[in-house]
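Thanks for making time for this. I would like to walk you through one model this morning, so please have the sequence and the structure open as I talk.

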Amino acid sequence: MTDTAIKAVTIVGGGTAGWISAALLSRTLGPSVAITVVESDEIGIVGVGEATIPAIRLLNGLLGLDENDFLAATHGTIKLGIEFVDWHTVGQSYLHAFGPIGRPLGMAPFHHYWLRRRQAGHDESLWDYSLNARAAKAGRFDRITQVCGGYLEGLAYAFHFDAALYAQYLRRYSEAQGVTRVEGRIVGVDQDAESGFVTSLTLQDGRKVGGEFFIDCSGFRGLLIEETLKSGYEDWRAWLPMDSAIAVPCASVTPLTPYTRATAREAGWQWRIPLQHRTGNGHVFCSDYIDAARATDVLMANLDGAPLAEPRQLRFTTGRRKRFWNRNVVAMGLASGFMEPLESTSIHLVQSALNRLLALFPDRGFNPIEIAEYNRQTALEYEYIRDFLVLHYKATTREDTPFWRAVRQMDMPDSLKARIALFSQSGRLFNQDDDLFKEASWIQVLIGQGVVPQAFHPLTGVVTDAQLDEYLANLRQIMSRAIDALPAHGDFIAKNCPSRPARA
């Protein structure tokens, strides 16, 4: 450690974001950096970020977590993708499944061969060529890394889990790594008079908690990043007009489905997240088109089982901080911004931000060039995810309610306009390095939402019709055999990671 090295990191707020931060930083920075989490038992956590994407397995691997133990402790289940119901039109559904679509053939991406077959009059679904989609609809799962001796990749998966139990799990992990937890409500923030840097926090009982580098995980409030440092907020409600959610758990039902469901409603959408001990449900809506009482009634009328608690409401403004890192404070989780959980990106954004922070980890000089680069990269990531979410609303034929008529007619970010125009004309997609959602994700949502290209890649012509027919038939057969060999998802959970009683 040099004389300018940071030796004390203070995390404001626990919850999922706070304890992911504590766990990852304690694992990577080691004992030379003292990490403190300031958390109040009086302040609850939002706790609805219960569905994830496959990148969380990289986080768990870096932390050295045993996957079965983690799933048992958090009452978790497997997630192979997200089913979208009634988004393009009422009565239609599709899957955004993890993993690739098909298998590479020649120089053109696989979906161009599917488009060629479709234009020739064949009616196979694009999802006939997704191993994840087929396993999800069959309700099957096992940990398989490859199929048919490596001919195909195995199943890509993430998790559903109880967010409160996940935070507790990571708290135990972090404290075992040497992280200090300070219980108390923050009532004051002290700053250096000259630089404006945060120097310490004042708790309700008068104690002071210092630090050199602060991570703000205080939720929507943004205690340090906004209330103290006035970093500003970029409002995206013109593109993502949702501003409220009602959440309620209900009793579990069988079979235990290995995917999340997002069902479009009259002025928003409803999530369904199956856990071992309950099902998580919520109704995300725009209050300009439906009030909270009506939104609650819609949610309660569409539960799979008996409700297990009273519904609770959350209010939010979709968007992001203008500066995620300001002086010696970095915002994480809801303190950094909010995009509705339509594609389960909340936990990933914490994980991604921490990876970026470690790559640009400062010394006590806090180089403004490095801070600017962190903010630039994080802003791009938010904007790419924003565009992907807007696509779900914009690409619809629904006109049955005022809400759907409005979002269908709304303007789009120029970046999304360009991507849709290119794909709709030629089937081509080009991803940026910072784009979380890669080609397979964009293809599924575009086609699932009715954006079907007018043309296919000319290089598909190097394969004859007979060769292509044989190739695709072989792919479908190999996938069918692989799926038939998998156990039911519920049986996999019962055998490998049945839930155990929660502990503090």
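Phe213 and Trp325 are both buried, and I start with them in what is, I should say at once, a predicted model. Their rings form an aromatic pair of the tilted kind, with 5.5 Å from centre to centre and 35° between the planes. Phe213 belongs to strand β13, residues 213-216, while Trp325 belongs to strand β21, so the pair ties together parts of the chain that lie 112 residues apart in sequence. Across the model, the count of aromatic pairs comes to 29. There is also an aromatic cluster made up of Phe70, Phe141, Tyr157, Phe159, Phe161, Tyr166, Tyr169 and Phe492.

Let me stay with Trp325 for a moment and turn to the sheet. Trp325 stands opposite Val330 in β22, and the two strands concerned, β21 and β22, the latter covering residues 329-331, pair in the antiparallel sense over two bridges. Both strands are part of an open sheet of six, which runs in the order β9-β2-β1-β13-β22-β21 with mixed pairing. Which strands form the edges of this sheet? They are β9, residues 180-183, and β21, residues 325-326, each of which pairs on one side only.

Further along that order we come to β1 and β2. Strand β1, residues 8-12, pairs with β2 in the parallel sense over five bridges, and within that pairing Ala8 stands opposite Ala34 of β2. As for β2 itself, residues 34-39, five of its six residues are buried, so this strand is largely enclosed by the rest of the structure.

From the sheet I move to a helix, α4. How many of the residues of α4 are buried? Eight of its 10 residues are, so to speak, under cover, and the helix as a whole is mostly covered. The buried ones are Phe110, His111, His112, Tyr113, Trp114, Leu115, Arg116 and Arg117, and for those of you who think in side chains, please note that two arginines and two histidines appear in that list. These buried residues pack against α12 (414-426), α13 and α14 (465-484). Just after the helix, Gly121 takes a positive phi of about 105°.

Helix α4 also brings us to the second largest pocket, which holds about 680 Å³ of space. The pocket is lined by 37 residues, and those closest to its centre are Phe98, Gly99, Pro100, Lys438 and Ala440. The elements that give two or more residues to this lining are β5 (93-97), α4 (110-119), α5 (131-138), β7 (152-153) and α13 (439-448). Which of them gives the largest share of the lining? That is α13, with five residues. Sorted by class, the lining of this pocket has 21 nonpolar, 11 polar and five charged residues.

Next come some points of backbone geometry that you may want to look at on the screen. The peptide bond from Thr254 to Pro255 is cis, with omega near 0°, and Pro255 lies in the loop between β15 (244-250) and β16 (260-265). His75, in the loop between α3 (67-74) and β3 (77-79), has a phi near 60°, which is a positive value in a residue other than glycine. Is His75 buried or exposed? At 10% relative accessibility, His75 counts as buried, because the cut-off for that label is under 20%. Phe366 likewise has a positive phi, about 45°, although it is not a glycine. Phe366 sits in the loop between α9 (346-359) and α10 (368-394), and with a relative accessible area of 6% it is buried.

I will finish with a glycine, Gly280, whose place is in strand β18, residues 279-285. Gly280 is buried, with a relative accessible area of 3%. Setting aside residues up to four places away in sequence, Gly280 touches Glu50, Val248, Trp271, Arg272 and Ile273. The C-alpha atom of Gly280 is separated by 8.9 Å from that of Ala251, a residue 29 places away along the chain. That is where I will stop, and I am happy to go back to any of these places on the screen.

Methods. Residues are numbered from 1 along each chain as its sequence is written. This is a predicted model: local features need pLDDT of at least 70, side-chain atom pairs count only at pLDDT 80 or more; totals for chains, interfaces and linings use all residues. Side-chain values use heavy atoms; hydrogens and water are left out. On a 1 Å grid over the protein atoms alone, a cavity is a set of points where a 1.4 Å probe fits but cannot get out, and a pocket is an open set with protein on both sides within 12 Å along at least five of seven lines; lining residues have an atom within 4 Å of a point. Grid points are joined across faces, edges and corners, and a volume is the space filled by probe spheres set on the points. Helices (H or I, at least four residues) and strands (E, at least two) are DSSP runs, numbered from the N terminus. Ala, Val, Leu, Ile, Met, Phe, Trp, Tyr, Cys and Pro count as nonpolar, Asp, Glu, Lys and Arg as charged, and the others, Gly among them, as polar. Two strands pair if DSSP finds at least two bridges between them. Buried means under 20% relative accessible area, exposed over 50%, partly exposed in between (1.4 Å probe, protein chains only). Contact means heavy atoms within 4.5 Å. Rings of Phe, Tyr and Trp (its six-membered ring) pair if their centres lie within 6.5 Å; planes under 30 degrees apart count as stacked, over 60 as edge-to-face and the rest as tilted.
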